[in-house]
Amino acid sequence: MAITRRGFLAAPAALSAALLPGGLLAALEAETPPIADLSSWESVRDQFALDPAWMHFASFFIASHPAPVQAAIEAYRRAIDRNPFHVVEHGMFSDGADNIHQQVQAEIAQYLGARPHEVCLAGNTTTGLALVYQGLPLQAGDEVLCTTHDHYSHHEAIRLAIQRSGASMRKVPLFEDAAAATADALVHTLLKAVGPRTRVLGLTWVHSSSGIRLPIREIAAALRARAGQPVLLVVDGVHGLGATDETVATMGCDYFCAGTHKWMFAPRGTGLVWASAENWARLRPVIPSFTDLDQYTAWERDAAPSSPTTADRMSPGGFHAYEHQWAAAAAFRMHRQMGRARVAARIRELNNQCKAGLAANRKVRLHTPMAPELSAGLVSFEVEGLAPADVVRQLAARRIVASTSPYAVTYARLAPSLVNTAEEVERAVRAVREISG
Ligand SMILES: Cc1ncc(COP(=O)(O)O)c(C=O)c1O
């Protein structure tokens, strides 16, 4: 008898369906209040339980759960606490519409412009990058090229992967001064850096050091157009997803890794990797999956699966905090309701205001490009005569949450987002003016 998805890693199947009449999703929906009207930014801000005593300019660090996400987490938590076995067994392993894991993949895919089976749920950007680099069939002599500007998680994901394969890594600077960068120069510098042994290029879409946004579409097109060995493009997209109006699956990258617990407002501890079926098939899985039936049935026969690797097979198995993983769909629904273009335009407007205000201060050096197409939701800057940590401390004394960038060379950062108002941006700019003397 062919095993069904429901038989996968679970036991008495028919029982749970009987105990969940009308379907789990329908039952949960009944417990979850409808999303409020999000047509004004004030109503969007009302969804967050942020402490009003502070102005929050570091929301990109880790999300405050907005009301629809909080409600979904609570609904799933209550259901799991009432009946952990049946709810998790049903939500993960049932066939058809009640499989919540697949529902989450479908919701995310819609936002990315992808197909549901191309979406791998991973706990954060770091895990996604590690899965991809560890999964790539790198060999001695291969080179992974990346930039000096990438995040710790990206550099270390590459370093740990090449240690095992005997491949090498090379970091190149893309610019001296991010604020003066142009799209053409970025593409040119990158293409020049690709060498005969380069098999993989790792890039960061929106840099959390300088705030620059790389023109991934143009870079991907230029990579494809060049002669020579193909180069796979891996993108850390965490600060672009939910902050820009992009259709990720058509950008031209081969692997897109992003936490969804920053700009997307999905539950803390959620993230994704997107790739096409062809690119998933290139990878060697790293962690046993709980969502790939072929892998499980092969194991039952004491064999390795013979079918190609898929997003599901790359998805780390073991049981998870399902109330968080499943509630990610609520965040993507919220973004769909707000409208991707509208969200991006709002973030752009507030960031333009912030950059213009800071640029008018002669004691401030902006590191983020002014051009909206080369920036997103992060504004990095230095104040003459002050260490970035002191800038952040002095802003905190004025009840403004700013942050320093966690890099060898660090800057102060303000990140105007959907939780902020134009008045708050004005007050932050004014506060920087006060502390710059
Ligand atoms: C560019 C970049 N990549 C990766 C990460 C790590 O993100 P995650 O917590 O989703 O692993 C960060 C953290 O803020 C980051 O700024």
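Me: Where does arginine 399 lie?
Reply: In this predicted model, arginine 399 is in the loop between helix H16 (388-397) and strand E11 (400-401). Its phi is near 65 degrees, a positive value in a residue other than glycine.

Me: Why is arginine 399 called partly exposed?
Reply: The relative accessible area of arginine 399 is 40%. Buried would need a value under 20% and exposed one over 50%, so arginine 399 counts as partly exposed.

Me: What about phenylalanine 265, buried or exposed, and how do you know?
Reply: Buried: phenylalanine 265 has a relative accessible area of 5%, and the cut-off for buried is under 20%. Phenylalanine 265 sits in the loop between strand E7 (255-259) and strand E8 (271-274). Phi of phenylalanine 265 is near 65 degrees, again positive in a residue other than glycine.

Me: OK, on to serine 375. What makes serine 375 count as buried?
Reply: Its relative accessibility is 3%. Buried means under 20%, so serine 375 gets that label. As for its place, serine 375 is in the loop between E9 and strand E10 (379-383).

Me: Which residues does serine 375 touch, not counting those up to four places away in sequence?
Reply: Serine 375 touches Gly211, Arg213, Lys355, Thr368, Pro369 and Met370.

Me: And why does the pair formed by the side chain of serine 375 and the backbone oxygen of alanine 371 count as a polar contact?
Reply: The serine 375 side chain reaches that alanine 371 oxygen at 2.9 Å. The limit for a polar contact is 3.5 Å, so the pair qualifies.

Me: Now lysine 363. Where is lysine 363, and what makes it partly exposed?
Reply: Lysine 363 lies in the loop between helix H15 (340-359) and strand E9 (364-366). With a relative accessible area of 31%, lysine 363 falls between the 20% and 50% cut-offs, so partly exposed is the right term.

Me: How far apart are lysine 363 and glutamate 384, in sequence and in space?
Reply: They are 21 residues apart in sequence and 5.2 Å apart in space, going C-alpha to C-alpha. Glu384 is also among the residues in contact with lysine 363, along with Glu382, Val383, Ser436 and Gly437, leaving aside neighbours within four places in sequence.

Me: What makes the link from lysine 363 to serine 436 a polar contact?
Reply: A polar atom of the lysine 363 side chain lies 3.4 Å from the backbone oxygen of serine 436. The cut-off is 3.5 Å, so this pair is within the limit.

Me: Let's look at the ligand. Which residues come nearest?
Reply: Of the 13 residues around the ligand, Thr125, Thr126, Ser208, Asp236 and His239 come nearest. By class, the shell has 1 nonpolar, 10 polar and 2 charged residues.

Me: Why do threonine 126 and lysine 262 count as making polar contacts with oxygen atoms of the ligand?
Reply: A polar side-chain atom of threonine 126 is 2.5 Å from a ligand oxygen, and for lysine 262 the distance is 2.8 Å. Polar contacts are N or O pairs within 3.5 Å, so both count. Aspartate 236 has a side-chain N or O atom 2.5 Å from a ligand nitrogen. The protein covers 88% of the 400 Å² of accessible area that the ligand has on its own.

Me: Last one: how is the protein divided into domains?
Reply: Into domain 1 (118-337) and domain 2 (340-436). Their C-alpha centres lie 28 Å apart, and 29 residues of domain 1 are in contact with 28 residues of domain 2.

Note on methods:
Residues numbered from 1 in each chain as written. Predicted model: local features only at pLDDT ≥ 70, side-chain atom pairs only at ≥ 80, totals over all residues. Heavy atoms only, no water. Helix = DSSP H or I, 4+ residues; strand = E, 2+ residues; numbered from the N terminus. Buried < 20%, exposed > 50% of the residue type's maximum accessible area, 1.4 Å probe, protein only. Contact = heavy atoms within 4.5 Å. Polar contact = N/O pair within 3.5 Å; in protein donor to acceptor, adjacent residues only side chain to side chain. Near = heavy atom within 4 Å. Areas by Shrake-Rupley, 256 points an atom, 1.4 Å probe, with all protein chains shown as cover. Nonpolar A, V, L, I, M, F, W, Y, C, P; charged D, E, K, R; others polar. Domains from an automatic or database assignment.
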